Structure formats: structure tokens, C-alpha cells
Amino acid sequence: AQILASGGIPLTTTAPASSARGNWAWQFDGSNDSLSLGAVPFQMSDDHFVVAGAALSAGAGENVVFSIRNSGAGLGNPIIAQIDAPSGTPRGVWRDDAGTIALLNGSGSIYGVKAVMSVVKQGNVKRLRVNGAQAATNSTALGATTVTSCTVGVTPTATPASYVNGNLSCVVIGRGTVSDADLALIERFVASLQGQTL
């Protein structure tokens, strides 16, 4: 009543509802920003999926968004569920201890635009999705892996490290089988966090 008697609360309709990056974003500068998880959430033998929302800037290296690797193996083996964008092209990478690789390349550059990238492994089938659409598949059977680290925003084993340059809105990591309907729901959720509609 006192507020109304004083004329009420002035409207703030001229202020933006959120930033141009969306409602939520991690800003990565391409030189030293990253997040290291305390444990590896899944192994090569597990069905798994990773969904990441990103608005990447041009930069050197692979622009690694998510990676599970062996931190002592240099740029070699293995890699599980890596999402990156060398030269702006979305990509998913799996590679076992023996060097057998499943490489999934998308098309077109995502530099300067918001994108949701997903990698999924179910059995031997690995998929890359970009903005809710299938971009690539690979059914190469992969063997044993020895992984020690899981990171967001960098490949810790590269020299120099391949840091992400740009913004990440959200990274969802899951162990187990995910249905196409559930995956699409997660992708739409991630997109909504960065002000994108799928």
C-alpha cells in the first residue's frame, strides 16, 4: 500500500531481459579458462551422451568444448566423446588405446552463432547432432581405453592446450542409453539457456 501511495514501482521495460549470450553463459577466453571434473563420468564401454550449448569465436586449435582423455598420453590415445570445432566445424571424436578412431564431422562453421552440439554412443553406433539435427554417424567398433581426465573448455593433453574461445551455456553429461525424444528435450533445454530456439 505504501509503494502504491508513492506512485508504485517504475517499469523497467527498456532493460534487456537477458544478455545477448542468453540467460546463462560461461565465458572462455581461449587462453587459460577451463573446468576439470573430479572424475571420469563414463568409459568407452558405456552408452553415453554429451550435449553442449556454445557460441564460439574463431581461434587457434581445436576449440575443445568437452573431452575425456588420458592426461599422460599427449595428443595420442585415447579420447571419449570429445566435442570440438576446429576451424568452426562441429566434430565428435572417439579413439581407443590402439588408435582406432571414430571421427564424426559436421558441416559449415558455427563461429559467431549459437549452436547446440550433441555426441551420443549407443553400442557401436556413435552420432553427432547439431542444433537438433543428425550431422554424422559412425559404427566403428572401438576397444579398450585408459582415461584419466574429463574437462570442459580444453584438451589438457595438447601442447599448447586447445582452449575454447567463446561462451558455453551448459554442458549436460549422461551415462546410459538416451531415447531420441529425451535427447531432443535435453537439446531444447540447453538451447533455451542460451536464448536459442530449436
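**Exercise 1. Is D84 buried or exposed, going by its relative accessible area? Then work out which residues share salt bridges with D84.**

Keep in mind that this is a predicted model.

Step 1. Look up the area for D84: the relative accessible area is 0%. Buried means under 20%, so D84 is buried.

Step 2. Now find a partner. The side chains of D84 and R91 meet in a salt bridge, with N to O at 2.9 Å.

Step 3. Check R91 too. Its relative accessible area is 15%, so R91 is buried.

Step 4. Widen the view. E62 joins D84 and R91 in a network of salt bridges. Side chains of opposite charge can pair when their charged atoms come close.

**Exercise 2. Find which residues of helix α2 and strand β9 are joined by salt bridges.**

Step 1. Start with D180, which forms a salt bridge with R127; the closest N and O atoms are 3.2 Å apart.

Step 2. Place both ends. D180 sits in helix α2 (residues 180-193) and R127 in strand β9 (residues 125-130), so this pair ties together parts that are 53 residues apart in sequence. R127 has a relative accessible area of 10%, so R127 is buried.

Step 3. Go on to E187, whose salt bridge is with R129, the closest N and O atoms being 2.7 Å apart. Here E187 is in helix α2 and R129 in strand β9, so the pair ties together parts that are 58 residues apart in sequence.

Step 4. What about burial? Both E187 and R129 are buried.

Step 5. For the full tally, the count of salt bridges comes to five.

**Exercise 3. Describe how β6 and β7 fit together, and what happens at the turn.**

Step 1. Check the pairing: β6 and β7 run in the antiparallel sense, over five bridges. One of the partnerships is V93 with L103 in β7.

Step 2. Look at the link. The two strands form a hairpin with five residues between them. G99 lies in that loop, between β6 (91-95) and β7 (101-105), and has a positive phi of about 95 degrees.

Step 3. Judge how open G99 is. Its relative accessible area is 32%, so G99 is partly exposed. The C-alpha atoms of G99 and G143 are 9.2 Å from each other, with their positions 44 residues apart along the chain.

Step 4. Sort the faces of β7. A102 and L104 make up the covered face, while I101, L103 and N105 are on the uncovered one. In a regular strand the side chains alternate between the two faces of the sheet.

**Exercise 4. Work out what surrounds A81 and N138.**

Step 1. Take A81, in strand β5 (residues 79-84). With 0% relative accessibility, A81 counts as buried.

Step 2. List the contacts. Leaving out residues up to four places away in sequence, A81 touches F42, H48, V50, F66, V93, W94 and V119. The C-alpha atoms of A81 and A102 are separated by 9.9 Å.

Step 3. Turn to N138, in strand β10 (residues 133-138). At 17% relative accessibility, N138 is buried as well.

Step 4. Do the same for N138. Again not counting residues up to four places away in sequence, N138 touches A102, L103, L104, N124, V125 and K126. Its side chain also makes a polar contact with the side chain of T140, at 2.7 Å.

Conventions: Residues numbered from 1 in each chain as written. Predicted model: local features only at pLDDT ≥ 70, side-chain atom pairs only at ≥ 80, totals over all residues. Heavy atoms only, no water. Helix = DSSP H or I, 4+ residues; strand = E, 2+ residues; numbered from the N terminus. Buried < 20%, exposed > 50% of the residue type's maximum accessible area, 1.4 Å probe, protein only. Polar contact = N/O pair within 3.5 Å; in protein donor to acceptor, adjacent residues only side chain to side chain. Contact = heavy atoms within 4.5 Å. Pairing = 2+ DSSP bridges. Salt bridge = Lys/Arg side-chain N within 4 Å of Asp/Glu carboxyl O.
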